[in-house]
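Dear colleague,

I am passing on the structure we spoke about, so that you can look at it alongside my notes. Please open it first and then read on.

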Amino acid sequence: MKRTIGLLCVIALLGALLVPGTGMARGAVALTEVDTIGVMPSDYVGTLTIEGVNTVEKDYPSARAFPSQGVAVLPNGDVVVCDTGYGRIHILSADLVHKRVIGSLGGGRGQLQYPADVAVDSAGNIYVADFFGNKVVKYSNDGSVLMEFGKEGKGAGQFEGPAGIAVTPDGSIWVADQLNDRLEQFTATGAYVTTVTGISRPAGMTLAGLVPYVVSSGNSAVYRLSGTKAVRIFAAPGEAENLIASAADLAVDARGNIYVADRGTGPLPVPAVKVFSSSGQYLRSFGEYPADMTDIQDGEVLSPGGVAVTPDGIVYVMNSGFFRDATNPFGSGFHAKLIEYAPGGGVVAVQNYAIDVPGRLNNPQDVAVDGKGQLWVACSSPVISADGQAIGWNRGYVDVLDHSGNELFTVTHAGSRTMQLVESVAAGGAGLVYVAAQDAGGGFIAVYDEAGNYVRTIAAGKVDGPGDLEVASDGTLWACNQGDGSVVHLAADGTELGRFKTAGMPGGLTVLPNGDLLVCLWGESSEIQQVVRYSSKGAVIRVFGVKGGGRGTGQMYYPHDAMLLPDGLILVSDAENGRFVTFRQDGSIAWTTARSWYLPGRMAWSAQGTLYVTDAFHNVIRELSYGQPKAPQGTAVTVRLNTVERAVSSGTMTGFQVSLRN
C-alpha cells in the first residue's frame, strides 16, 4: 500500500514554504486535497470502476469513453500505458518489466483524472489526453511536466472529453475532442491551430508516418487526416468477429494494416484487437472472448482499452477489465492485464493487475472513522455471470485501514451470514461500528467492535437497500432505505423508532446537531437530484439545488452526501459532475469547485478535522481539508532540481507542484 501526498511548493530565492496542494473553490476559501488513500504501488497499472454512477447523461453523453486506456511505444522500445485508476502513466520495458511511473491522481498541474490516450515523440516525450481533466499534459521522458493546456468548453482550443492524441514529426499535436465530435490541432507549444469536424465521437488516435489516424466510437469508422480534412478509410459497425462494436483505440503497422481495440461491450461480447487492411478488409484478431469465465487464459480479453504496434509487428494490448453495455457502461478492472503478442498472435508476455489483492479498494461506497482513527470502507467486488453477459456486485466486504492507508483487516461475514452487498458503514460511541448490508434474506445491520469482531445483527427486515447509514449524537441510527424510498430511524438495538417517505430515492444522509437530517435525493436525470433538509419527523424544512439533473449552476447529478462545514455552509458531493457544491443555510449557492474530483461519493470527518471522501471511480479515498491551506507542523522539505523547470527573476517567486511518495 502506498500513501500519496499532494504538495504545492512555493520556492523563493533563499527558502521554501510548504503548503498542501489545493483545488480552489470558486469565490471561497480552499478545499484542499491533502492525501489520497488506497493508491496501489508504482508497478501496478490501475483501472477504473463504474458501478453506481457513470457520468452518462443527456447533457454529457460520455458512454463511448469507457474504458479507454491508451498504449504507446517509445523510440527505445519501452511501452507506455495509461493508468486510469490512479491517474498515472507507466513505462515498462519491451518485455513488460516495470521501469517507472509518472503523474499522479488529481486536478493540479501535471496531475491526471482520466488519462484516456497517450502519444510519444521522437525525443521520447510523452503526451497525455486527460478526458475528465479536459487537458493535454506533456511530460519529459523522466516525468517532468513540460507543458499543459486546455480547459472545459466548446470553443476553439477547448475540450469536452479529450479521448485521443497523436503527435506528428513537426511537433503538431492532434486531439480527439470526443464529446464535441471534432479533432483539434495545436502547435508544439500548445497554441490552437484548427478544427476538423465530421467525426462521430472520435476516440483513440495514432500516427502512421506523417499522417494522424483516428477511430470513431460513434460509427465504428477509421479516418486519416489529409490536410484539415478527415478522410474515411472504412466503417465496420456491428457485433461480430470481423466488425467493430465499440472502438476504444487504434494503431497502424509498418505495412499500413490497421489494428482497432474493440471493447465489444454490446449484447454480443466480441472484444478483440481486430486487424484490417489499409483499405478496410478484415484480416485477423488478437485476443478473443474467454470460452470459460472461470478459466481465463493469458491471451483472452474482456474489454481492451488500448493498443500499440511496434515497427517489427509486436502488438501490445491493455485489457481494461470487464465492461458491458455500450450505451450505459458499467464494469471494473476484473482480469485487467497488459499483453504482449508476437506478430503471429502468440502471447509473449503478460502482466496481470488483479483487483483482489490486499490493500486494493474495490468500488468504495462509504467510509466511517472509528474511535481509534481507523477507516472502515464499504467495498464490493464484481462477480461475472456464468454466461459472461452481466456483471454484479454481490461480494460485499469492509476494508479496514489505518490513517496511512495500510490494510489492517477485512470484514466479510456477519456471524454466519455473508454480506452480498455492503453500501454503508457508520461509527458511533461505545467502540462499535455498524455495517448496513444485504444478502438473499434481505437487508440488515451488522455490529462489530473496533477490532473487527462480530457482535450482533440488528434491524433485519427493517432496512432494504440501505444506501447510507449514520449514528446520531444520541446513539440512534438513521438509514436511507432505497428499497421503498424512505428514511428509517432505529434504536441502537435495531428497534424501529420511525420512518418517513422521501420524494425520490434517498442516496445519502447526514444528521445535523439539532436532529434535523440532510438527505440527498436521486431520480432520473430530469427528476429531483436535490438535497432536502427534513425534521426528524419527515417535515420538509429546506430544499437545496435546482430540481432536475444538469451541469449548470445549482444543478446536480446524483448528489451522494451532504456535510455541515465548520462555518455553517453545507458541502454536497455532486458525484456525476465531478465537483463539490456548497450551499448557505437559506438554500443559495455559496461556491462550487471546478470539475476536478471525479467521482466524489460519501464523506466522513476524521479526528483531525479533515474530510474523507470515497471515490469509487478511482477506487480510492480522498482526504480533504477545508479552509486556507496551512503548512503541516514539523515539515521541512528541500527541493533540488536537475532541470530548468521555470525561469525566475531575482527577488520574485514562482509556484509548482510536487508529489512526495513514501
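Below I go through one sheet, two residues and the repeat annotation, in that order.

Please bear in mind throughout that this is a predicted model.

I begin with the sheet, which is open, has four strands in the order 5-6-7-8, and is paired in the antiparallel sense. Its edges are formed by strand 5, covering 71-73, and strand 8, covering 98-102, and because each of these has a single partner strand, one side of each remains without a neighbour in the sheet. From one strand to the next the twist averages 25°. The partner of strand 8 in the order given above is strand 7, which spans residues 88-92 and is joined to strand 8 in the antiparallel sense over four bridges. Within this part of the sheet, Ile89 stands opposite Ile102 of strand 8.

The next item is Leu338, which belongs to strand 29, a strand that runs over residues 336-341. Leu338 has a relative accessible area of 0%, and since buried means under 20% on this scale, the residue counts as buried. If neighbours within four places in sequence are left aside, the contacts of Leu338 include Val81, Leu92, Leu96, Val317 and Met318, as well as Ala349, Val350, Gln351 and Tyr353. For one of these contacts, Ala349, I can also give the separation from Leu338, which is 11 residues in sequence and 8.4 Å in space from C-alpha to C-alpha. Leu92, another residue in contact with Leu338, falls in strand 7 of the sheet described above, whose residues are 88-92.

Where, then, does Gln113 lie? Gln113 is placed in the loop that connects strand 8 with strand 9, the latter spanning 115-120. Although it is a loop residue, Gln113 is buried, with a relative accessible area of 3%. Its side chain reaches the backbone oxygen of Arg595 at 3.4 Å. Arg595 is also listed among the contacts of Gln113 beyond four places in sequence, and the others include Ser596, Trp597, Tyr598 and His618, together with Thr84, Leu105, Gly106, Asp130, Phe132 and Gly133.

Finally, there is the annotation, for which the UniProt entry, an unreviewed one, lists "repeat: NHL" at residues 69-95, 99-142, 146-189 and 550-586. Over residues 69-95 the model has 0% helix and 48% strand, with the end C-alpha atoms 19 Å apart. Over residues 550-586 the corresponding values are 0% helix and 43% strand, with 21 Å between the end C-alpha atoms.

With best regards

Terms used
Residues are numbered from 1 along each chain as its sequence is written. This is a predicted model: local features need pLDDT of at least 70, side-chain atom pairs count only at pLDDT 80 or more; totals for chains, interfaces and linings use all residues. Side-chain values use heavy atoms; hydrogens and water are left out. Two strands pair if DSSP finds at least two bridges between them. Helices (H or I, at least four residues) and strands (E, at least two) are DSSP runs, numbered from the N terminus. Axes are lines fitted to C-alpha atoms, for helices over the stretch in contact, and angles run from 0 to 180 degrees between N-to-C directions. Buried means under 20% relative accessible area, exposed over 50%, partly exposed in between (1.4 Å probe, protein chains only). Contact means heavy atoms within 4.5 Å. A polar contact is a pair of N or O atoms within 3.5 Å; within protein, one must be able to donate a hydrogen and the other to accept it, and residues adjacent in sequence count only if both atoms are side-chain atoms. UniProt positions are given in the numbering used here, feature names are shortened, and annotations may be inferred rather than shown by experiment.
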